[in-house]
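The following exercises concern strand order, aromatic pairs, helix packing and buried charged residues. Each task is followed by a solution that proceeds step by step.

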Amino acid sequence: MNEQLRTHQRRLLSLLGRDGGSPGRARFRLELSAAGGVGSLSEWLEADGERPLVVTGDPGSGKTTLLEELARTLLEENKPVFHLRMGLWLRTRPLLDQLAGWGLTPESAANALLQGRCWVVLDALDESRGGRIDEAFEEIVEFSRQFPSARIVASCRLAQLPAWTAMHFASARVLPLSPQQVYGVLTRAVAESSLEARPSDLAAELVDLCTNPLMLEMTEQLLRAGRERVFRIVSAAQLYDDFLELLDERERGKRPVGGALEEVMSAGLASRILGLVACRMLRLGLSAVTMAQLADWLSDVLLQDVWAGWWGGTTRPSAAELANYLSNHVPLKHASLPGRGTYQVAFMHLTFRDAFAGRHLDHLRETDPNFSLDEWAVDEHRHSWPAVVFLAGREEESGLTTRSVIDLAFASRRQELLLLAARCVQDRWDTPKDDVGELLMSSLDAFKNWDRAFDYDLMRATSTVIGRLDDEFPERLRNDLLYFTDKYAVVVPREITNVPLEDLLRATSSSEPDVVTNALYSLAKYRYSSAMLRTQAAEHITARLSDWPDNLQDQAVAALKDIHSETSLPLLRNLMQDPGFPSRSRAFAANAVAEMGDITDVPPLVTLLKDHSFRYRDSVSWSLQTLAKRMTQRHPSVVGSVTEEYVAALQAETDDESGRYAKGNILYSLGVLGASAWHGVIVAFLSDQAEPYVLEDGLLCLGLLGQPASLAFLSAFVTHTDPVVRLKAVEALVRCGSTRWDVVSDLRNDPYRIVRRRVEELLADHRESAPSPNPALVALRSVLTGTVLRGDATRQVFRIGAADRPRVEEALRLVSEHLSSVPQFLGQGEQQEVRLATADVERLQNLLTGEQS
């Protein structure tokens, strides 16, 4: 090791010792898990020494701590190490240049990497500037080819890890701390504090959160500081708020007293400015900023009048002074590339950036009358979502943000916003049960009926919050959620991008099931590629199908469906009818046949639909409907014959779980196929049904058919005990042309918000589409809802203004056929009266109820 390299290593060791991971996390034994089992980082490095290793995990799980401990240990053992925080990585400069520094030239660094075993430790690739994570990984792959003897260890949040990296990196995930570790730390912290409490008094959700080392450290410090409020925490955001408050108090205790800037910043301006900075960093995908960039942002604080009140009579500091002050106080820290004098500024942990961004949104909502959550929630790249989740976690009115996001999802029909709402609920443990229920009912509705049917991500999101439901949530809806999550949310595949087809095909032979799953899922994206590539992918999957276990066969058949190559059609037809294959695979095969097959595939689908031993008959029903719609133009009679088969299957269907879901989809399919000829049969069938799931889809069917003859039958379900049945009943009434808007209006006070919202939407649509109200009838309605001057069982007298009399007279002429006696007008001048029979008053009020005028 030459002198340049020795100097570099001493400086790096000094930097890591001074600015390492958060103190306390190193006390915990952090283990990693992958397909090969569980072990420490050193054990993983010994087990797979050839490929670069990427350490994954959730935010705060200890990835940085593990990598910095590794680097320190290696440096103390006199082994050459290069270390870089990827939040500082610049894609415009070679990685080698950024690893050198402190007198070590890139040439010397290259010689060291080529001549011997060197370690390259690259932390937090998810923080790569501007969210360019793929580009960062691509450069590392190229770097590993350039320096094959280098031992590369990187880290990245699991959620941001590109799936394609599995082709080039070994990976291991940091495991959560064990309950024993968590309770041990919390018990000691409480015992050594002034608190009269026990760890068991903490919210169970907070204890679960503490399996994350960062969360445990914050909770421990709050307990040791005697903060009783920690026992009332109901979200991660509140934990961050309390911990940051503790840090600020400790920081103020260390600062010298006095100074105008210190006084103003301590009064709350520092927190406000940090929120503004955090939001800008979040929007730009930055984890660190240069001092010059920070000063440039802070110039806004100095120039805009909205900030002027903070300074009072004191002299405003310069932007550079503000930047210098903030960068030298928590929660910010300095960071720089090795040997570079240009410092950058970052939050102590990236989640603190998100917490301050959430604070800023909270402040904007309180103070800015034009604040809209839309621009933060409707974010194509979802950069702003962490701020929205923190906002939901710290707001005083629990559920406010969740409701706003759900409203936005309905208004925009963007069902991905329901994923954001689920994150808000997951992170706020006291979210009102009504809001949790609305989210889950909305997700079910979107999953079945919105623009992107069978959105599996929705089911995966709902599975994280089903446990928050209370006992009052309809049991059948809970069962529906469990059915669909079990069916569609078992596997969470991730797309592998930026790799050629040959690499994806090779990945399907991996010994790691997750890699195979992701490769198959990614091959499905070749649907819009050339016929040659689709054929190549389909033939490869077809040849290997029988080698995979059941869960991978499911994914493989789903991939064949999406690839849409007719070369796989014979296999799919056989698989669909073969009881030896898993039911889920056969259901996926039926979907594929429906999308690629022809009229000859109708009989086999009908046979499978009527096979009561096959669990997923609801999927087969969907497939048959899909095929019938595809064949209609070439075979006009197919819809008639298929609907006849549907009716026969419906009447013979079982009453167990699979039968219930099959009935629902058959009814829905009859509606989609316009089976008006069977309207009477459908109504008769529904008259004997009690299962809400069947009724829900049956009412949807009647709505799709749009027959006025359904109105009397539908009206009976507006008061049904099941909220979704009521919802579908009122939607169907409107579709069938009901003019009873008073019936619709009655549901404005429904106990379930999802019903109330839909009713308001329907009423608003009606008001927009209805002709302008007759002024005469409006005037009459105003009189009838006004003051009754006197009245008895036979007559009632109302006050009327002279200007309104002509309109009221006209209105009474228009409705004269509904009157039992002639109205009488009394008096002269401005204040006049109209006398009506009491029976006529009630009749007119019913006539004018709602929007019928």
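**Exercise 1. Determine the strand order of the sheet that contains E11, and identify its edge strands.**

Solution. The model is a predicted one. The sheet is open and has four strands in the order E11-E12-E14-E13, with antiparallel pairing. E11 and strand E13 (824-826) each have a single partner strand and stand at the edges, so one side of each lacks a neighbour in the sheet. On average, and ignoring direction, neighbouring strands are turned by 25° against each other.

The pairings can then be taken in turn. Three bridges pair strand E11 (residues 788-791) with strand E12 (residues 795-801) in the antiparallel sense. These two strands form a hairpin, with three residues between them. Within the hairpin, Val788 has Phe798 of E12 as its bridge partner, and Arg790 stands opposite Val797 in E12. E12 is also joined to strand E14 (residues 831-837), by seven bridges in an antiparallel arrangement. Here the bridge partner of Phe798 is Val834 in E14.

**Exercise 2. State which helices lie across the strands of this sheet, and give their directions.**

Solution. Helix H39 (residues 805-814) lies across E12, E13 and E14, and runs at about 170° to E13. Angles over 145 degrees count as roughly antiparallel, so H39 is roughly antiparallel to E13. Helix H40 (residues 838-848) lies across E12 and E14, at about 95° to E14. The range from 65 to 115 degrees counts as roughly perpendicular, so H40 is roughly perpendicular to E14.

**Exercise 3. Describe the sheet formed by E8, E9 and E10, and the helix that packs on it.**

Solution. The order of this open, three-stranded sheet is E8-E10-E9, and its pairing is antiparallel. Strand E8 (288-290) and strand E9 (332-335) have a single partner strand each and are found at the edges, so one side of each is left without a neighbour in the sheet. From one strand to the next, the twist averages 35°. E9 and strand E10 (residues 344-347) run antiparallel and are joined by four bridges; Leu332 has Phe347 in E10 as its bridge partner. Helix H11 (residues 260-284) packs on the sheet and touches E8, E9 and E10, its direction making about 100° with that of E10.

**Exercise 4. Classify the aromatic pairs Phe410–Trp450 and Tyr483–Tyr661, and locate their members.**

Solution. The whole structure holds 15 aromatic pairs. For Phe410 and Trp450, the ring centres are 5.1 Å apart and the planes stand at 80°, so the pair is edge-to-face. Phe410 belongs to helix H17 (residues 400-412), while Trp450 lies in the loop between helix H19 (433-449) and helix H20 (456-463), so the pair ties together parts that are 40 residues apart in sequence. Both Phe410 and Trp450 are buried.

The pair of Tyr483 and Tyr661 is stacked, with 3.9 Å centre to centre and 15° between the planes. Tyr483 is in helix H21 (residues 475-488) and Tyr661 in helix H31 (residues 657-672), so this pair ties together parts that are 178 residues apart in sequence. Tyr483, at 3% relative accessibility, counts as buried, as does Tyr661 at 0%. Ring pairs further link Phe447, Tyr483, Phe484, Tyr661 and Tyr693 into a cluster.

A charged group completes the description of Phe410: the charged end of Arg757 sits over its ring, 4.2 Å from the centre.

**Exercise 5. Characterise the packing of H33 on H35 and the surroundings of Glu696.**

Solution. The axes of helix H33 (residues 692-705) and helix H35 (residues 723-735) are 8 Å apart, and the helices pack at an angle of about 10°. H33 is therefore roughly parallel to H35. The residues of H33 that meet H35 include Leu695, Glu696 and Leu699; among those they meet in H35 are Val724, Val725 and Lys728.

Glu696 is buried, with a relative accessible area of 6%. Not counting residues up to four places away in sequence, Glu696 touches Lys448, Arg476, Val724, Val725 and Lys728.

**Exercise 6. Is Asp554 buried or exposed, and which residues does it contact?**

Solution. Asp554 is found in helix H25 (residues 550-563). Its relative accessible area is 10%, and Asp554 is buried. Leaving aside neighbours within four places in sequence, Asp554 is in contact with Pro582, Arg584, Ser585 and Phe588.

Technical notes: Residues are numbered from 1 along each chain as its sequence is written. This is a predicted model: local features need pLDDT of at least 70, side-chain atom pairs count only at pLDDT 80 or more; totals for chains, interfaces and linings use all residues. Side-chain values use heavy atoms; hydrogens and water are left out. Two strands pair if DSSP finds at least two bridges between them. Axes are lines fitted to C-alpha atoms, for helices over the stretch in contact, and angles run from 0 to 180 degrees between N-to-C directions. Contact means heavy atoms within 4.5 Å. Rings of Phe, Tyr and Trp (its six-membered ring) pair if their centres lie within 6.5 Å; planes under 30 degrees apart count as stacked, over 60 as edge-to-face and the rest as tilted. Buried means under 20% relative accessible area, exposed over 50%, partly exposed in between (1.4 Å probe, protein chains only). A charge sits over a ring if NZ of Lys or CZ of Arg is within 6 Å of the ring centre and within 35 degrees of the ring normal. Angles under 35 degrees count as roughly parallel, over 145 as roughly antiparallel, 65 to 115 as roughly perpendicular and the rest as oblique.
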